[in-house]
Amino acid sequence: MRDIRKQFGEIIALDGVDLTLREGEVLGLVGDNGAGKSTLIKCLAGAHEPTNGSIRIRGEEVAIDSPRNSKSLGIETTFQDLALAPNLTVAQNIFLGREEMIGADRVFGLLDKSSMRERAAELLDDLEIGVEPDQTAGDLSGGQRQLVAVSRMLLSDPDIVIMDEPTSALSVEGVDRVLELIEQMRDRGISVLLISHNLEHLQQVADRIKVLHQGHDAGVLDAATVTRDEVVSRMVSGRTTSSEESDTQTA
């Protein structure tokens, strides 16, 4: 993402933001409330169109004007509210909106429940999530619901996964399992853009940390060497140095 600007009337939410997500890395995205994190990821997820700027995937410029378009480019997103239907089973939630049918007629055809359940069971087993496809989503713990949301994303075999506060309000065990799953995705070559207020969690799994401040760039930092105080300082002041790594230089 290059020189991304997003304006809502008189409000400038993003002003000249660059972001580079490398293949098979976890990039943390941080910033105080109102820094522009949600707006930036919504531009990538197709919920917002940038006012100005360009987005390239593997060097090719793309136009992302809808969530469907974003998905077609190999981008999957899970937002903080998860958007799971609590009255449906795990398998039904995984296939929600992309149900498999018996025959080609999606209007009058029958749902292929057996095939979807089998595929969901394979996916859950492969990810070692530890829930059954027939369990009702509303009966799951917060951590289990987050893992089901991730498995729903992985159904389409994405290249890029955007996760918005995936460890928020989870138990210690739930947090550990979600972070393990993020590492699994990276090991599979999936690029993960991870938005979180928890710097400790980010430093456990992220390769780099991108900081935003009031809609502007505030630097890209190495997660393995940066201190909490340095990240917080960037979030509060927005100051950058000429010696640090920039998104433009790593494109």
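# A tour from the β1-β2 hairpin to helix α5

Begin at the hairpin of β1 and β2, where two residues lie between the strands. Select Gly 9: its phi is positive, near 65°. Keep in mind that this is a predicted model.

**The sheet**

Now select β1, residues 2-8, together with β2. The two strands run antiparallel and are joined by five bridges. Pick out Lys 6; opposite it, in β2, stands Leu 14.

Widen the selection to the whole sheet. It is open and has four strands, in the order β2-β1-β4-β5, with antiparallel pairing. Which strands stand at the edges? They are β2 (11-17) and β5 (60-62). Each has a single partner strand, so one side of each has no neighbour in the sheet. From one strand to the next, the twist averages 35°.

**The helix on the sheet**

Add helix α1, residues 37-45. This helix packs on the sheet and touches β1, β2 and β4 (52-57). Compare its direction with that of β2: the angle is about 70°.

**Helix α5**

Move to α5, residues 142-154. The helix has 13 residues. From first C-alpha to last it reaches 19 Å, close to the 18 Å expected at 1.5 Å a residue.

Is α5 mostly covered or mostly open? Mostly covered: ten of its 13 residues are buried. Colour them to see the pattern. Gly 143 is one of the ten buried residues. The others form a run in the sequence: Gln 146, Leu 147, Val 148, Ala 149, Val 150, Ser 151, Arg 152, Met 153 and Leu 154.

Next, show what covers these buried residues. Among the covering elements are two strands, β6 (75-78) and β9 (160-164). Helices α3 (90-94), α4 (113-126) and α6 (172-187) also take part.

**Asn 93**

Stay with α3, one of the elements covering α5, and select Asn 93, which lies in this helix. Is Asn 93 buried or exposed? Its relative accessibility is 0%, so Asn 93 counts as buried.

Finally, display its contacts, leaving out residues up to four places away in sequence. Asn 93 touches Leu 84, Ala 85, Leu 88 and Ala 137. Asn 93 also touches Arg 152, a buried residue of α5.

How values were computed: Residues numbered from 1 in each chain as written. Predicted model: local features only at pLDDT ≥ 70, side-chain atom pairs only at ≥ 80, totals over all residues. Heavy atoms only, no water. Expected span 1.5 Å × (residues − 1). Buried < 20%, exposed > 50% of the residue type's maximum accessible area, 1.4 Å probe, protein only. Contact = heavy atoms within 4.5 Å. Pairing = 2+ DSSP bridges. Axes fitted to C-alpha atoms, helices over the stretch in contact; angles between N-to-C directions.
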